[in-house]
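This report describes the fold, the nonpolar interior and two selected sites of one protein chain. The sequence and the structure come first, and the description follows.

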Amino acid sequence: MAFPSSFHRPKKPHSNMLSLIPSFHIILLFLLTLSAVAILFLHSPSLSPCSTAAASSSSRRAFSGDLRHVDFSWNSLRLTSDRPPPTVLRIAVFSRKWPVATAPGGMERHALTLHSAIARRGHRVHVFTSAPSSGERLPEGGEEEEEPGRPRLHFLSDARWRCDEAWGLYEAEAARGGPFDVVHSESVALFHRWARDVPNLVVSWHGISLEALHSGIYQDLARGPDEPMTPAFNRSLAESIYKVLNEIRFFRSYAHHVAISDSTGEMLRDVYQIPSGRVHVILNGVDEDKFAPDTRLGDAFRAEIGLPGGAALVMGVAGRLVKDKGHPLLFEAFSKLLSRHPNVYLVVAGSGPWAQRYADLGVNVIALGPVPPSKLNGFYNSLDVFLNPTLRPQGLDLTLMEAMQCGKPVVATRFPSIKGTIVVEEEFGYTFSPNVEALLEVLEKLVGEGKARLAQRGRACGEYAKSMFTASKMASAYERLFLCIKNETYCRYPLAFD
(Lines give C-alpha, C1' and ligand atoms only; values in the text may rest on other atoms or scores of the structure.)
Protein backbone atom coordinates (compact mmCIF):
# COMPACT_ATOMS: atom_id res chain seq x y z
CA MET A 1 0.00 0.00 0.00
CA ALA A 2 1.59 3.28 -1.09
CA PHE A 3 1.07 6.48 0.81
CA PRO A 4 2.55 9.87 -0.16
CA SER A 5 5.89 10.77 1.34
CA SER A 6 5.85 13.05 4.34
CA PHE A 7 6.90 16.69 4.42
CA HIS A 8 10.10 17.22 6.41
CA ARG A 9 10.66 20.54 8.12
CA PRO A 10 14.14 21.76 8.95
CA LYS A 11 15.15 21.86 12.58
CA LYS A 12 16.62 24.94 14.18
CA PRO A 13 20.33 24.50 14.92
CA HIS A 14 21.35 24.28 18.55
CA SER A 15 23.02 27.27 20.10
CA ASN A 16 26.74 27.08 20.84
CA MET A 17 26.45 29.04 24.07
CA LEU A 18 28.12 26.27 26.07
CA SER A 19 31.00 25.53 23.76
CA LEU A 20 33.43 27.12 26.19
CA ILE A 21 32.12 25.45 29.35
CA PRO A 22 34.46 22.71 30.63
CA SER A 23 33.06 19.18 30.39
CA PHE A 24 33.33 18.76 34.19
CA HIS A 25 30.97 21.69 34.67
CA ILE A 26 28.58 20.25 32.11
CA ILE A 27 28.53 16.94 33.96
CA LEU A 28 28.01 18.71 37.29
CA LEU A 29 25.26 20.81 35.79
CA PHE A 30 23.60 17.71 34.41
CA LEU A 31 23.70 15.92 37.77
CA LEU A 32 22.27 18.93 39.59
CA THR A 33 19.53 19.21 36.99
CA LEU A 34 18.74 15.51 37.24
CA SER A 35 18.35 15.88 41.01
CA ALA A 36 16.04 18.85 40.56
CA VAL A 37 13.91 16.98 38.04
CA ALA A 38 13.67 13.97 40.36
CA ILE A 39 12.46 16.21 43.17
CA LEU A 40 9.93 17.83 40.85
CA PHE A 41 8.58 14.47 39.73
CA LEU A 42 8.36 13.12 43.27
CA HIS A 43 6.29 16.10 44.33
CA SER A 44 4.06 16.15 41.26
CA PRO A 45 0.51 15.11 42.20
CA SER A 46 -0.13 14.06 38.63
CA LEU A 47 1.98 10.98 39.24
CA SER A 48 -0.66 9.49 41.48
CA PRO A 49 -3.07 7.03 39.83
CA CYS A 50 -5.85 8.67 41.85
CA SER A 51 -4.66 12.21 41.15
CA THR A 52 -7.14 14.92 42.00
CA ALA A 53 -6.14 16.57 38.72
CA ALA A 54 -7.22 13.53 36.77
CA ALA A 55 -10.87 13.28 35.83
CA SER A 56 -12.63 9.95 36.04
CA SER A 57 -14.56 8.58 33.10
CA SER A 58 -17.58 10.55 34.31
CA SER A 59 -15.24 13.58 33.92
CA ARG A 60 -17.57 16.37 35.05
CA ARG A 61 -16.26 18.50 37.92
CA ALA A 62 -18.36 20.52 40.33
CA PHE A 63 -17.26 24.16 40.42
CA SER A 64 -18.76 27.61 40.89
CA GLY A 65 -17.01 30.95 40.98
CA ASP A 66 -14.39 32.73 38.89
CA LEU A 67 -13.10 30.50 36.08
CA ARG A 68 -9.66 32.06 36.42
CA HIS A 69 -9.33 30.22 39.74
CA VAL A 70 -9.90 26.78 38.19
CA ASP A 71 -6.70 24.73 38.54
CA PHE A 72 -7.98 21.60 36.76
CA SER A 73 -8.91 21.03 33.13
CA TRP A 74 -11.71 23.22 31.78
CA ASN A 75 -12.70 20.23 29.61
CA SER A 76 -14.30 18.66 32.70
CA LEU A 77 -16.67 21.60 33.17
CA ARG A 78 -20.16 21.74 31.71
CA LEU A 79 -19.68 24.16 28.81
CA THR A 80 -22.47 24.29 26.26
CA SER A 81 -21.60 23.98 22.58
CA ASP A 82 -25.14 23.58 21.16
CA ARG A 83 -26.20 27.21 21.66
CA PRO A 84 -24.98 30.33 19.83
CA PRO A 85 -22.28 32.27 21.70
CA PRO A 86 -23.49 35.30 23.68
CA THR A 87 -21.36 37.59 21.52
CA VAL A 88 -19.22 37.24 18.39
CA LEU A 89 -15.49 37.61 18.90
CA ARG A 90 -12.82 38.85 16.52
CA ILE A 91 -9.80 36.60 17.11
CA ALA A 92 -6.22 36.84 15.80
CA VAL A 93 -4.19 33.61 15.72
CA PHE A 94 -0.41 33.36 15.31
CA SER A 95 0.65 29.90 14.13
CA ARG A 96 4.04 29.14 12.61
CA LYS A 97 2.52 26.57 10.26
CA TRP A 98 -0.88 25.69 8.92
CA PRO A 99 -1.31 21.98 8.16
CA VAL A 100 -0.65 20.62 4.70
CA ALA A 101 -2.84 17.88 3.24
CA THR A 102 -0.15 15.19 3.04
CA ALA A 103 1.34 14.91 6.52
CA PRO A 104 0.38 17.70 8.94
CA GLY A 105 2.22 17.91 12.25
CA GLY A 106 0.43 17.58 15.57
CA MET A 107 0.47 21.26 16.54
CA GLU A 108 -0.74 22.33 13.10
CA ARG A 109 -3.55 19.76 13.18
CA HIS A 110 -4.53 21.05 16.61
CA ALA A 111 -4.63 24.64 15.34
CA LEU A 112 -6.77 23.68 12.35
CA THR A 113 -9.19 21.65 14.49
CA LEU A 114 -9.52 24.30 17.20
CA HIS A 115 -9.89 27.41 15.10
CA SER A 116 -12.12 25.77 12.50
CA ALA A 117 -14.46 24.74 15.34
CA ILE A 118 -14.39 28.27 16.80
CA ALA A 119 -15.09 29.78 13.36
CA ARG A 120 -18.05 27.43 12.90
CA ARG A 121 -19.41 28.90 16.15
CA GLY A 122 -19.70 32.20 14.27
CA HIS A 123 -16.55 33.94 15.53
CA ARG A 124 -14.34 35.83 13.07
CA VAL A 125 -10.97 34.08 13.15
CA HIS A 126 -7.90 35.46 11.36
CA VAL A 127 -4.83 33.21 11.19
CA PHE A 128 -1.37 34.68 10.53
CA THR A 129 0.89 31.89 9.31
CA SER A 130 3.75 31.02 6.96
CA ALA A 131 2.93 30.19 3.36
CA PRO A 132 2.88 26.58 2.17
CA SER A 133 6.12 25.33 0.66
CA SER A 134 6.28 24.74 -3.05
CA GLY A 135 4.07 21.81 -4.01
CA GLU A 136 2.24 21.66 -0.68
CA ARG A 137 -1.53 21.69 -0.59
CA LEU A 138 -3.66 22.89 2.31
CA PRO A 139 -6.29 20.39 3.49
CA GLU A 140 -9.27 22.71 3.16
CA GLY A 141 -8.54 25.05 0.29
CA GLY A 142 -6.49 27.90 1.72
CA GLU A 143 -8.18 30.93 0.19
CA GLU A 144 -7.22 34.15 1.86
CA GLU A 145 -10.67 35.70 1.40
CA GLU A 146 -13.09 35.87 4.33
CA GLU A 147 -15.63 33.03 4.31
CA PRO A 148 -18.32 32.48 6.97
CA GLY A 149 -17.64 29.56 9.27
CA ARG A 150 -13.96 29.19 8.35
CA PRO A 151 -10.77 30.90 9.52
CA ARG A 152 -9.34 33.50 7.19
CA LEU A 153 -5.67 32.77 6.45
CA HIS A 154 -3.10 35.58 6.14
CA PHE A 155 0.05 34.08 4.62
CA LEU A 156 3.58 35.35 5.00
CA SER A 157 5.59 35.88 1.83
CA ASP A 158 7.20 32.41 2.03
CA ALA A 159 7.39 29.22 4.08
CA ARG A 160 9.77 30.63 6.72
CA TRP A 161 8.21 31.92 9.93
CA ARG A 162 9.09 35.55 10.59
CA CYS A 163 7.31 37.07 13.55
CA ASP A 164 7.98 40.64 12.44
CA GLU A 165 6.26 40.06 9.10
CA ALA A 166 3.34 38.28 10.79
CA TRP A 167 3.03 41.19 13.21
CA GLY A 168 2.91 43.61 10.29
CA LEU A 169 0.07 41.63 8.69
CA TYR A 170 -1.74 41.60 12.04
CA GLU A 171 -1.42 45.39 12.45
CA ALA A 172 -2.65 45.95 8.89
CA GLU A 173 -5.72 43.79 9.49
CA ALA A 174 -6.41 45.49 12.83
CA ALA A 175 -6.26 48.88 11.10
CA ARG A 176 -8.54 47.67 8.32
CA GLY A 177 -11.15 45.66 10.22
CA GLY A 178 -10.90 46.98 13.76
CA PRO A 179 -9.13 45.77 16.92
CA PHE A 180 -9.13 42.13 17.90
CA ASP A 181 -10.89 40.98 21.06
CA VAL A 182 -8.32 38.23 21.67
CA VAL A 183 -4.89 37.34 20.29
CA HIS A 184 -3.95 33.66 20.42
CA SER A 185 -0.40 32.38 19.91
CA GLU A 186 0.30 28.69 19.35
CA SER A 187 3.44 28.27 21.51
CA VAL A 188 6.14 30.87 20.75
CA ALA A 189 4.73 32.03 17.42
CA LEU A 190 4.36 35.55 18.81
CA PHE A 191 7.77 36.37 20.30
CA HIS A 192 7.81 37.83 23.78
CA ARG A 193 9.19 41.23 22.73
CA TRP A 194 5.85 41.76 20.92
CA ALA A 195 3.79 39.79 23.45
CA ARG A 196 4.61 42.06 26.40
CA ASP A 197 2.47 44.82 24.89
CA VAL A 198 -0.63 42.67 24.22
CA PRO A 199 -2.88 42.55 27.32
CA ASN A 200 -5.49 40.30 25.66
CA LEU A 201 -2.98 37.64 24.57
CA VAL A 202 -3.42 33.90 25.18
CA VAL A 203 -0.54 31.52 24.47
CA SER A 204 -1.05 27.74 24.31
CA TRP A 205 2.04 25.77 25.28
CA HIS A 206 2.56 22.58 23.25
CA GLY A 207 5.86 21.86 24.97
CA ILE A 208 8.03 23.83 27.36
CA SER A 209 11.78 23.60 27.92
CA LEU A 210 11.42 21.96 31.33
CA GLU A 211 9.60 19.08 29.62
CA ALA A 212 12.26 19.04 26.90
CA LEU A 213 14.90 18.69 29.62
CA HIS A 214 13.04 15.65 30.94
CA SER A 215 13.03 14.27 27.39
CA GLY A 216 16.80 14.63 27.11
CA ILE A 217 17.28 12.72 30.35
CA TYR A 218 15.01 9.88 29.23
CA GLN A 219 16.71 9.68 25.84
CA ASP A 220 20.12 9.38 27.45
CA LEU A 221 18.92 6.72 29.90
CA ALA A 222 17.64 4.74 26.89
CA ARG A 223 21.08 4.84 25.27
CA GLY A 224 22.69 1.43 24.90
CA PRO A 225 25.76 0.54 27.03
CA ASP A 226 28.03 0.65 23.96
CA GLU A 227 26.38 3.67 22.38
CA PRO A 228 28.37 6.87 22.99
CA MET A 229 26.70 10.17 23.74
CA THR A 230 27.15 12.42 20.74
CA PRO A 231 28.77 15.82 21.33
CA ALA A 232 25.71 17.55 19.90
CA PHE A 233 23.36 15.76 22.31
CA ASN A 234 25.72 16.42 25.22
CA ARG A 235 25.78 20.11 24.37
CA SER A 236 21.99 20.37 23.88
CA LEU A 237 21.33 18.62 27.19
CA ALA A 238 23.59 21.04 29.03
CA GLU A 239 22.08 24.03 27.22
CA SER A 240 18.58 23.02 28.17
CA ILE A 241 18.89 24.29 31.75
CA TYR A 242 19.63 27.77 30.38
CA LYS A 243 16.58 27.52 28.12
CA VAL A 244 14.44 26.72 31.15
CA LEU A 245 15.79 29.75 33.00
CA ASN A 246 15.21 31.99 29.98
CA GLU A 247 11.65 30.72 29.63
CA ILE A 248 10.91 31.36 33.30
CA ARG A 249 11.96 34.97 32.73
CA PHE A 250 10.24 35.72 29.42
CA PHE A 251 7.02 33.75 30.01
CA ARG A 252 5.93 36.60 32.26
CA SER A 253 5.49 38.66 29.08
CA TYR A 254 2.42 36.61 28.12
CA ALA A 255 -0.85 37.72 29.72
CA HIS A 256 -2.61 34.33 29.74
CA HIS A 257 -1.20 30.81 29.48
CA VAL A 258 -3.03 27.68 28.34
CA ALA A 259 -1.46 24.43 29.49
CA ILE A 260 -2.56 21.43 27.45
CA SER A 261 -2.07 18.96 30.32
CA ASP A 262 -2.59 19.10 34.06
CA SER A 263 1.11 18.47 34.73
CA THR A 264 2.19 21.38 32.50
CA GLY A 265 -0.22 23.61 34.38
CA GLU A 266 1.51 22.62 37.62
CA MET A 267 4.92 23.38 36.14
CA LEU A 268 3.83 26.80 34.92
CA ARG A 269 2.46 27.71 38.35
CA ASP A 270 5.08 26.09 40.58
CA VAL A 271 8.34 26.26 38.61
CA TYR A 272 7.75 29.04 36.08
CA GLN A 273 6.03 31.10 38.80
CA ILE A 274 3.12 32.27 36.66
CA PRO A 275 0.26 33.50 38.88
CA SER A 276 -2.51 30.89 39.07
CA GLY A 277 -5.12 33.27 37.67
CA ARG A 278 -3.15 33.48 34.43
CA VAL A 279 -2.71 29.72 33.91
CA HIS A 280 -5.62 27.77 32.43
CA VAL A 281 -5.63 24.03 31.64
CA ILE A 282 -7.47 23.18 28.42
CA LEU A 283 -6.77 19.76 26.93
CA ASN A 284 -6.42 19.32 23.20
CA GLY A 285 -9.31 17.72 21.37
CA VAL A 286 -9.78 15.83 18.12
CA ASP A 287 -12.62 16.03 15.64
CA GLU A 288 -15.30 13.63 16.87
CA ASP A 289 -16.77 13.51 13.36
CA LYS A 290 -13.49 12.18 11.92
CA PHE A 291 -12.48 9.75 14.68
CA ALA A 292 -15.05 7.25 15.94
CA PRO A 293 -15.45 3.47 16.31
CA ASP A 294 -16.13 1.85 12.93
CA THR A 295 -15.62 -1.92 12.68
CA ARG A 296 -16.32 -2.12 8.96
CA LEU A 297 -13.82 0.66 8.19
CA GLY A 298 -11.21 -1.11 10.31
CA ASP A 299 -11.80 -4.43 8.56
CA ALA A 300 -11.50 -2.75 5.16
CA PHE A 301 -8.21 -1.13 6.18
CA ARG A 302 -6.85 -4.49 7.39
CA ALA A 303 -7.68 -6.06 4.03
CA GLU A 304 -6.15 -3.11 2.17
CA ILE A 305 -2.78 -3.41 3.92
CA GLY A 306 -2.72 -7.22 3.85
CA LEU A 307 -3.21 -8.12 7.51
CA PRO A 308 -4.09 -11.82 7.83
CA GLY A 309 -7.55 -12.55 9.15
CA GLY A 310 -6.24 -14.97 11.78
CA ALA A 311 -3.88 -12.52 13.50
CA ALA A 312 -3.93 -13.14 17.26
CA LEU A 313 -3.37 -9.46 18.08
CA VAL A 314 -2.77 -6.32 16.04
CA MET A 315 -0.86 -3.45 17.63
CA GLY A 316 -0.21 -0.09 16.03
CA VAL A 317 2.02 2.95 16.37
CA ALA A 318 1.90 6.29 14.52
CA GLY A 319 4.09 9.36 14.20
CA ARG A 320 7.62 10.26 13.26
CA LEU A 321 9.86 7.17 13.34
CA VAL A 322 12.73 8.76 15.25
CA LYS A 323 14.63 7.97 18.42
CA ASP A 324 12.94 10.48 20.71
CA LYS A 325 9.56 8.97 19.88
CA GLY A 326 10.73 5.78 21.57
CA HIS A 327 11.20 3.57 18.52
CA PRO A 328 14.44 1.96 19.74
CA LEU A 329 12.44 0.69 22.74
CA LEU A 330 9.52 -0.56 20.69
CA PHE A 331 11.72 -2.18 18.05
CA GLU A 332 13.65 -4.23 20.60
CA ALA A 333 10.62 -5.07 22.75
CA PHE A 334 8.50 -6.19 19.80
CA SER A 335 11.40 -8.22 18.38
CA LYS A 336 11.57 -10.17 21.64
CA LEU A 337 7.79 -10.52 21.81
CA LEU A 338 7.69 -11.88 18.27
CA SER A 339 10.11 -14.69 19.13
CA ARG A 340 7.56 -15.99 21.65
CA HIS A 341 4.29 -15.04 19.92
CA PRO A 342 4.67 -15.44 16.13
CA ASN A 343 1.03 -14.55 15.38
CA VAL A 344 1.18 -10.99 16.75
CA TYR A 345 1.37 -8.10 14.27
CA LEU A 346 2.55 -4.49 14.42
CA VAL A 347 1.30 -1.79 12.02
CA VAL A 348 3.65 1.20 11.78
CA ALA A 349 2.33 4.49 10.37
CA GLY A 350 4.87 7.24 9.75
CA SER A 351 8.22 8.00 8.20
CA GLY A 352 11.72 8.37 9.56
CA PRO A 353 15.03 6.59 10.12
CA TRP A 354 13.44 3.59 11.86
CA ALA A 355 11.08 2.71 8.99
CA GLN A 356 13.48 0.32 7.26
CA ARG A 357 14.48 -1.33 10.53
CA TYR A 358 10.85 -2.16 11.25
CA ALA A 359 10.44 -3.53 7.73
CA ASP A 360 13.43 -5.81 8.35
CA LEU A 361 11.49 -7.62 11.10
CA GLY A 362 9.56 -9.49 8.42
CA VAL A 363 5.90 -10.02 7.58
CA ASN A 364 4.69 -9.46 11.14
CA VAL A 365 5.48 -5.76 10.84
CA ILE A 366 3.64 -3.72 8.22
CA ALA A 367 5.40 -0.38 7.67
CA LEU A 368 2.93 1.89 5.88
CA GLY A 369 4.92 5.09 5.58
CA PRO A 370 3.03 8.33 6.29
CA VAL A 371 -0.74 7.78 6.38
CA PRO A 372 -2.89 10.59 4.91
CA PRO A 373 -5.34 12.20 7.34
CA SER A 374 -8.26 10.70 5.41
CA LYS A 375 -6.95 7.20 6.22
CA LEU A 376 -6.22 7.68 9.92
CA ASN A 377 -9.67 6.66 11.15
CA GLY A 378 -9.35 3.38 9.26
CA PHE A 379 -5.85 2.86 10.65
CA TYR A 380 -6.95 3.25 14.28
CA ASN A 381 -10.04 1.10 13.79
CA SER A 382 -7.92 -1.72 12.35
CA LEU A 383 -6.01 -2.12 15.63
CA ASP A 384 -6.64 -4.03 18.84
CA VAL A 385 -4.42 -1.66 20.84
CA PHE A 386 -2.49 1.54 20.15
CA LEU A 387 1.10 2.03 21.33
CA ASN A 388 2.91 5.29 22.02
CA PRO A 389 6.42 4.65 23.42
CA THR A 390 7.48 8.31 23.24
CA LEU A 391 10.48 9.63 25.15
CA ARG A 392 9.16 13.18 24.82
CA PRO A 393 7.05 14.47 27.72
CA GLN A 394 6.48 17.72 25.81
CA GLY A 395 2.89 18.46 24.98
CA LEU A 396 0.21 15.80 24.71
CA ASP A 397 0.22 13.53 21.68
CA LEU A 398 -2.96 13.75 19.60
CA THR A 399 -2.55 10.14 18.44
CA LEU A 400 -3.50 8.88 21.91
CA MET A 401 -6.71 10.92 21.83
CA GLU A 402 -7.51 9.85 18.27
CA ALA A 403 -7.06 6.17 19.13
CA MET A 404 -9.25 6.51 22.23
CA GLN A 405 -11.93 8.30 20.21
CA CYS A 406 -11.93 5.24 17.95
CA GLY A 407 -12.52 3.03 20.98
CA LYS A 408 -9.02 1.62 21.32
CA PRO A 409 -7.08 1.03 24.56
CA VAL A 410 -3.66 2.62 24.74
CA VAL A 411 -0.16 1.80 25.96
CA ALA A 412 2.03 4.82 26.66
CA THR A 413 5.12 5.94 28.53
CA ARG A 414 4.53 6.75 32.18
CA PHE A 415 5.00 10.52 31.99
CA PRO A 416 3.14 13.00 34.23
CA SER A 417 1.12 14.42 31.33
CA ILE A 418 0.00 10.99 30.13
CA LYS A 419 -0.65 9.50 33.56
CA GLY A 420 -2.40 12.61 34.83
CA THR A 421 -4.50 13.40 31.76
CA ILE A 422 -4.81 10.40 29.39
CA VAL A 423 -4.48 7.03 31.15
CA VAL A 424 -6.20 8.24 34.31
CA GLU A 425 -7.86 4.88 35.00
CA GLU A 426 -6.35 1.40 34.83
CA GLU A 427 -9.19 0.34 32.54
CA PHE A 428 -7.90 2.60 29.76
CA GLY A 429 -4.71 0.61 29.15
CA TYR A 430 -1.16 0.50 30.47
CA THR A 431 1.71 2.86 31.16
CA PHE A 432 5.33 1.76 31.41
CA SER A 433 8.69 3.13 32.47
CA PRO A 434 10.75 4.21 29.44
CA ASN A 435 12.87 1.06 29.05
CA VAL A 436 12.68 -2.11 26.99
CA GLU A 437 12.02 -4.46 29.92
CA ALA A 438 9.00 -2.50 31.16
CA LEU A 439 7.53 -2.17 27.67
CA LEU A 440 8.02 -5.88 26.93
CA GLU A 441 6.26 -6.76 30.19
CA VAL A 442 3.24 -4.71 29.09
CA LEU A 443 3.23 -6.23 25.60
CA GLU A 444 3.15 -9.69 27.18
CA LYS A 445 0.14 -8.62 29.26
CA LEU A 446 -1.64 -7.50 26.11
CA VAL A 447 -1.14 -10.87 24.47
CA GLY A 448 -2.35 -12.57 27.64
CA GLU A 449 -5.50 -10.48 27.80
CA GLY A 450 -6.51 -11.08 24.20
CA LYS A 451 -8.82 -9.22 21.85
CA ALA A 452 -12.04 -9.49 23.84
CA ARG A 453 -10.60 -7.95 27.00
CA LEU A 454 -8.85 -5.21 25.02
CA ALA A 455 -12.11 -4.40 23.22
CA GLN A 456 -13.75 -3.98 26.63
CA ARG A 457 -11.00 -1.57 27.66
CA GLY A 458 -11.42 0.25 24.36
CA ARG A 459 -15.10 0.92 25.01
CA ALA A 460 -14.17 2.58 28.32
CA CYS A 461 -11.55 4.66 26.48
CA GLY A 462 -14.14 5.78 23.95
CA GLU A 463 -16.54 6.97 26.64
CA TYR A 464 -13.81 8.94 28.41
CA ALA A 465 -12.54 10.46 25.15
CA LYS A 466 -16.04 11.59 24.18
CA SER A 467 -16.37 13.38 27.51
CA MET A 468 -12.94 15.08 27.45
CA PHE A 469 -11.11 15.07 24.11
CA THR A 470 -13.58 16.24 21.48
CA ALA A 471 -13.04 19.26 19.27
CA SER A 472 -16.34 20.76 20.42
CA LYS A 473 -15.36 20.39 24.10
CA MET A 474 -11.97 22.00 23.44
CA ALA A 475 -13.49 24.82 21.37
CA SER A 476 -16.11 25.53 24.05
CA ALA A 477 -13.39 25.87 26.68
CA TYR A 478 -11.28 28.21 24.54
CA GLU A 479 -14.36 30.23 23.59
CA ARG A 480 -15.24 30.74 27.25
CA LEU A 481 -11.67 31.78 28.07
CA PHE A 482 -11.70 34.25 25.17
CA LEU A 483 -15.06 35.65 26.31
CA CYS A 484 -13.68 36.00 29.85
CA ILE A 485 -10.70 37.98 28.53
CA LYS A 486 -12.98 40.29 26.54
CA ASN A 487 -15.49 40.83 29.38
CA GLU A 488 -15.00 39.73 33.00
CA THR A 489 -18.73 39.04 33.28
CA TYR A 490 -18.07 35.80 31.38
CA CYS A 491 -15.48 34.72 33.93
CA ARG A 492 -18.26 33.77 36.33
CA TYR A 493 -19.37 30.12 36.29
CA PRO A 494 -21.96 28.86 35.87
CA LEU A 495 -23.96 31.38 33.87
CA ALA A 496 -27.45 31.00 32.48
CA PHE A 497 -26.24 29.53 29.19
CA ASP A 498 -23.99 26.88 30.83
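A residue is called buried here when its relative accessible area is under 20%. The model is predicted, and with that threshold H327, L329, L330, F331, A333, F334, L337 and L338 of helix 9 are buried. Helix 9 covers residues 327-340, and its 14 residues reach 20 Å from the first C-alpha to the last, close to the 20 Å expected at 1.5 Å a residue. The elements against which the buried residues of helix 9 pack include four strands and two helices, listed here with their residue ranges where these accompany the contact.

| Partner of helix 9 | Residues |
|---|---|
| Strand 9 | 313-318 |
| Strand 10 | 344-349 |
| Helix 10 | 355-359 |
| Strand 11 | 365-369 |
| Strand 12 | 385-388 |
| Helix 14 | 436-468 |

The chain as a whole contains 15 helices and 15 strands, and 57% of its 498 residues count as buried. Among the contacts with a separation of 6 or more, 75% are made by residues 24 or more positions apart. The chain exposes about 20,900 Å², of which carbon and sulfur atoms supply 54%.

In soluble globular proteins, nonpolar side chains tend to be buried together. In this model the largest nonpolar core has 111 residues, and F94, M315, L346, F379 and L446 have the most contacts inside it. Helix 14 gives the most to this core, contributing 13 residues, and the core draws at least three residues from each of domain 1 (65-285 + 472-493) and domain 2 (295-468). Apart from this core lies another, of 36 residues, which includes L79, W98, A117 and V258.

Which residues surround F379, once its neighbours within four places in sequence are left aside? F379 is in contact with F301, G316, V317, A318, V347, A349, L368 and F386.

The second site centres on H280, which is placed in strand 8, residues 279-281. With a relative accessible area of 0%, H280 falls under the 20% limit and is therefore buried. The side chain of H280 is joined to that of H256 by a polar contact of 3.1 Å. Not counting residues up to four places away in sequence, H280 touches R68, W74, H256, H257, V258, A259 and L481; of these, V258 is also one of the residues of the 36-residue core.

Methods:
Residues numbered from 1 in each chain as written. Predicted model: local features only at pLDDT ≥ 70, side-chain atom pairs only at ≥ 80, totals over all residues. Heavy atoms only, no water. Buried < 20%, exposed > 50% of the residue type's maximum accessible area, 1.4 Å probe, protein only. Contact = heavy atoms within 4.5 Å. Areas by Shrake-Rupley, 256 points an atom, 1.4 Å probe, with all protein chains shown as cover. Core = buried A, V, L, I, M, F, W, Y, C linked by side-chain atoms within 4.5 Å. Domains from an automatic or database assignment. Expected span 1.5 Å × (residues − 1). Polar contact = N/O pair within 3.5 Å; in protein donor to acceptor, adjacent residues only side chain to side chain.
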